[in-house]
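Visitor: Could you take me through one part of this protein in close detail? I would like to follow a single helix and the residues around it, and I am happy to have a long answer.

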Amino acid sequence: MAQQSNLARHRAEREGRSSNRRSEIIDAAEALFLERGIAATTMTDIAERVGVSRITLYRYFADCDALAFEVAGWMLERLVTKAREVLPAGAGPVEAARAGLGSLITNFEHNRDVHWYLTVLDSHRPFRDISEELAQWYASRTRQALLFDEAVASYVFDDATAERLVSLANVVMGVLGRFAIKGENLSRGGITLETQLGYFRELVFNYFDTIVAPQAEAPERHSDC
């Protein structure tokens, strides 16, 4: 038993080191992508920032493109965490979806780098021909960030409504991405960024309510199970 216990402890320690190293690589890649851009960052740059050899780096990630998507996944996870922080106690799926959209807009300044990065990622040439599997993974992470999956899984939204909400979410992400790209130029023309975000949030909520209203009026939906 002692030998099994030692082996289990050894494996746990190795997994812990592996996980820590992987996190260090992702953190370094994120910092460099934000500083220099995705296309201008190399695996050598990332290896030097982490303080490891390129051989070690390639044990974790095949190339910069794989790292770029991994960074995006972590960023979307942060959006999920931030959105859940503002959910009222006992919020249902519809409230969660609405709050998810509102959180994106309200917390724009906090997540400005995230929106900038995701916009740059979408325009990065290698990702114009990404695999279907990778596209589905990215779309799934985005829906999770907006708390839409819970509403769909609970049969609150029908397929058509869910598609409209995903399209609305894509519009919101796109607009916030453009805000992030424009940077300081956003406040020019006498309208502050805070005011612009307030107007945008109102428009998004009005459209959200328009989309969801027919669902609220429809009879309760049940699964066939």
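Guide: Read from one end of the sequence to the other, this predicted model runs α-α-α-α-α-α-α-α-α-α. That is 10 helices and 0 strands. Of the 225 residues in the protein, 36% are buried. The surface left exposed comes to about 13400 Å², with carbon and sulfur atoms supplying 49% of it. If you take the contacts between residues at least 6 apart in sequence, 73% of them join residues at least 24 apart.

For the close look, let's choose helix α4, which spans residues 64–85, and begin with its packing against another helix. Two packed helices are described by the angle between their axes and the distance between the axes. The partner here is helix α6, residues 112–123. The axes of α4 and α6 come within 10 Å of one another and cross at roughly 140 degrees. This crossing is left-handed. On the α4 side, the contact is made by Ala68, Val71, Ala72, Met75, Leu76, Arg78 and Leu79. Helix α6 contributes Val114, Tyr117, Leu118 and Leu121. Sorted by character, the residues of this contact divide into 10 nonpolar, no polar and 1 charged.

Arg78, one of the α4 residues in that contact, deserves a moment of its own. Arg78 is partly exposed, as its relative accessible area is 36%. Setting aside residues up to four places away in sequence, Arg78 touches Glu30 and Val114. Val114 sits 36 residues from Arg78 along the chain, and their C-alpha atoms are separated by 9.1 Å.

Leu79 of α4 also leads us onward. Besides taking part in the contact with α6, Leu79 is touched by Asn111, which reaches Lys82 too. Asn111 is placed in the loop between α5 (93–106) and α6. How buried is Asn111? Its relative accessibility is 5%, so Asn111 counts as buried, the cut-off being under 20%.

Lys82 has another contact to show you, this time with Ser103. Ser103 belongs to helix α5 and is likewise buried, with a relative accessible area of 5%. Leaving aside neighbours within four places in sequence, the contacts of Ser103 are Lys82, Ala83 and Val86.

Now for the charged pairs. Side chains of opposite charge can pair when their charged atoms come close. A search of the whole structure turns up 7 salt bridges, and one of them involves α4 directly. Which residue forms a salt bridge with Glu70? The partner is Arg22, and the closest N and O atoms of the two are 3.4 Å apart. Arg22 lies in helix α1 while Glu70 lies in α4, so this pair ties together parts that are 48 residues apart in sequence. Both residues are partly exposed: Arg22 has a relative accessible area of 31%, and Glu70 has one of 21%.

It is worth setting that bridge beside one formed inside a single helix. Glu24 forms a salt bridge with Arg21, and here the closest N and O atoms are 2.7 Å apart. Glu24 and Arg21 both lie in helix α1 (residues 2–36), 3 residues apart, which is about one turn of the helix. An α-helix has 3.6 residues a turn, so residues three or four places apart point the same way. In terms of accessibility, Glu24 is partly exposed at 38%, and Arg21 is partly exposed at 28%.

One further salt bridge takes us to helix α2. The side chains of Arg36 and Asp45 meet with an N to O distance of 3.1 Å. Are the two partners buried or exposed? Arg36, at 44% relative accessibility, counts as partly exposed. Asp45 counts as buried, at 18%. Asp45 has company in this respect, for Met43, Ile46, Ala47 and Val50 of helix α2 (residues 43–50) are buried as well. Just after α2, Gly51 takes a positive phi of about 90 degrees.

To return to α4 for a last look, its links can be read off in turn. Glu70 pairs with Arg22, Arg78 touches Glu30 and Val114, and Lys82 is in contact with Ser103. Leu79, for its part, is touched by Asn111.

Note on methods
Residues are numbered from 1 along each chain as its sequence is written. This is a predicted model: local features need pLDDT of at least 70, side-chain atom pairs count only at pLDDT 80 or more; totals for chains, interfaces and linings use all residues. Side-chain values use heavy atoms; hydrogens and water are left out. A salt bridge is a side-chain nitrogen of Lys or Arg within 4 Å of a carboxyl oxygen of Asp or Glu. Helices (H or I, at least four residues) and strands (E, at least two) are DSSP runs, numbered from the N terminus. Buried means under 20% relative accessible area, exposed over 50%, partly exposed in between (1.4 Å probe, protein chains only). Axes are lines fitted to C-alpha atoms, for helices over the stretch in contact, and angles run from 0 to 180 degrees between N-to-C directions. A crossing is left-handed if the near helix is turned anticlockwise from the far one by less than a right angle, and right-handed if clockwise. Contact means heavy atoms within 4.5 Å. Ala, Val, Leu, Ile, Met, Phe, Trp, Tyr, Cys and Pro count as nonpolar, Asp, Glu, Lys and Arg as charged, and the others, Gly among them, as polar. Accessible areas come from the Shrake-Rupley method with a 1.4 Å probe; for residues, only the protein chains shown count as cover.
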